[in-house]
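Trainee: I am new to this structure and would like a close look at a single part of it. Could you take me through that part slowly and then place it in its surroundings?

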Amino acid sequence: FYCVGAIISGLLTIDTIAWCNSQATPELSGADQRFFGHRYLLFEQWLFGRSSQSRVPIADPSRLAVLSLVLFTIHVLIRLKECVYDQPLTDARMHIGQYAVGIVFYVVTPLAVVADSYYPPGWGLQLSWTVPVGIAIFIYASIHQWRCHQILYGLRRRGLDAKSTGPDSASTSQGSSARLDSYAIPTGDLFKYVSCPHFLCEILIYISIWLASACQATTLLWVIGWTAINLGITARESQQWYRARFGARYPRDRRALVPFVW
């Protein structure tokens, strides 16, 4: 689904840039028919039962929306590259339901950014100072997520190597037990503070995309909420698994998701 997300967000980014450059009119009925955004908004208004006489006026496509789409596309491309080239292959399989949810998520999220750029929020407040803050957080979170993923991938490779070696090559029972235990406690980078820093960085990335839109992409707040709840539950389960697996060896002061808090 990262491939689907990269294609959708990339095409939407190109489409929105073209619409910005074409100086689209502020009325939906006068927008250039060539752009996908126009067709999407027509479909959206038809879906909600609006006739041609009651169409909602829209704002010009925002260049901040382009920035948000570019950041989202970069994030998805990084994740796609990691899944294809960096992540070791295992026998693990993803449930079809999780796969479907992933595809829907990575299709809906860039569409949400597009829709929010045409329908300005009701509060009418554009916080331009949040744009550089959002970009800085995006860079920070992306770098640390990449580092944490590489730590996990390295542990997985060593675990696969230990499994492939087998117990017969160990000279003692203790060595055999060590080889059979293909799991290890991740250390380094943000793992010093939390058990799932890659989840924390994922949430920060979506917050940063919202900030980079000058807090105009209000639909992204739902995306942030969904991501935080979903990854928060998974982080708690991972924390419990680590403690059950490693017992007293696992750092007691390491939180599940939020450093020093939870």
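Which residues form a nonpolar patch on the surface, and how much accessible area do they have together?

Mentor: Please keep in mind that this is a predicted model. The nonpolar patch on the surface is formed by Tyr193, Val258, Phe260, Val261 and Trp262, and together these residues have about 500 Å² of accessible area. One of them, valine 261, is found in the segment after H8, and since residues count as exposed when their relative accessible area is over 50%, valine 261 with its 62% is exposed.

To place the patch, it helps to look at the chain as a whole, which has eight helices and zero strands, so that from the N terminus on its elements run α-α-α-α-α-α-α-α. The accessible surface of the chain comes to about 14,600 Å², and 63% of that surface belongs to carbon and sulfur atoms, while 42% of the 262 residues count as buried. Among the contacts between residues at least 6 apart in sequence, 80% join residues at least 24 apart.

Helix H8, which covers residues 220-246, holds both tyrosine 242 and phenylalanine 246, four residues apart, or about one turn of the helix. Tyrosine 242 and phenylalanine 246 are both buried, in contrast to valine 261, which is exposed.

Aromatic rings also meet elsewhere, and the count of aromatic pairs comes to nine. In one of these pairs, the rings of phenylalanine 72 and tyrosine 106 have centres 6.1 Å apart and planes at 35°, so the pair is tilted. Because phenylalanine 72 lies in helix H3 (residues 63-86) and tyrosine 106 in helix H4 (residues 96-118), this pair ties together parts that are 34 residues apart in sequence. Phenylalanine 72 and tyrosine 106 are both buried. The rings of tyrosine 242 and phenylalanine 246, by comparison, have their centres 6.3 Å apart and their planes at 25°, so that pair is stacked.

Phe72 and Tyr106 also belong to one aromatic cluster, which they form with Phe105 and Tyr206. Turning to helix H7 (residues 197-212), its 16 residues reach 22 Å from the first C-alpha to the last, close to the 22 Å expected at 1.5 Å a residue. H7 is mostly covered, with 14 of its 16 residues buried, and H7 is followed by alanine 214, whose phi is positive, near 60°.

How values were computed. Residues numbered from 1 in each chain as written. Predicted model: local features only at pLDDT ≥ 70, side-chain atom pairs only at ≥ 80, totals over all residues. Heavy atoms only, no water. Phe/Tyr/Trp six-rings, centres within 6.5 Å; stacked < 30°, edge-to-face > 60°. Helix = DSSP H or I, 4+ residues; strand = E, 2+ residues; numbered from the N terminus. Buried < 20%, exposed > 50% of the residue type's maximum accessible area, 1.4 Å probe, protein only. Expected span 1.5 Å × (residues − 1). Patch = residues over 30% accessible without salt bridge, like charges linked within 9 Å, V, L, I, M, F, W, Y side chains within 5 Å. Areas by Shrake-Rupley, 256 points an atom, 1.4 Å probe, with all protein chains shown as cover. Salt bridge = Lys/Arg side-chain N within 4 Å of Asp/Glu carboxyl O. Contact = heavy atoms within 4.5 Å.
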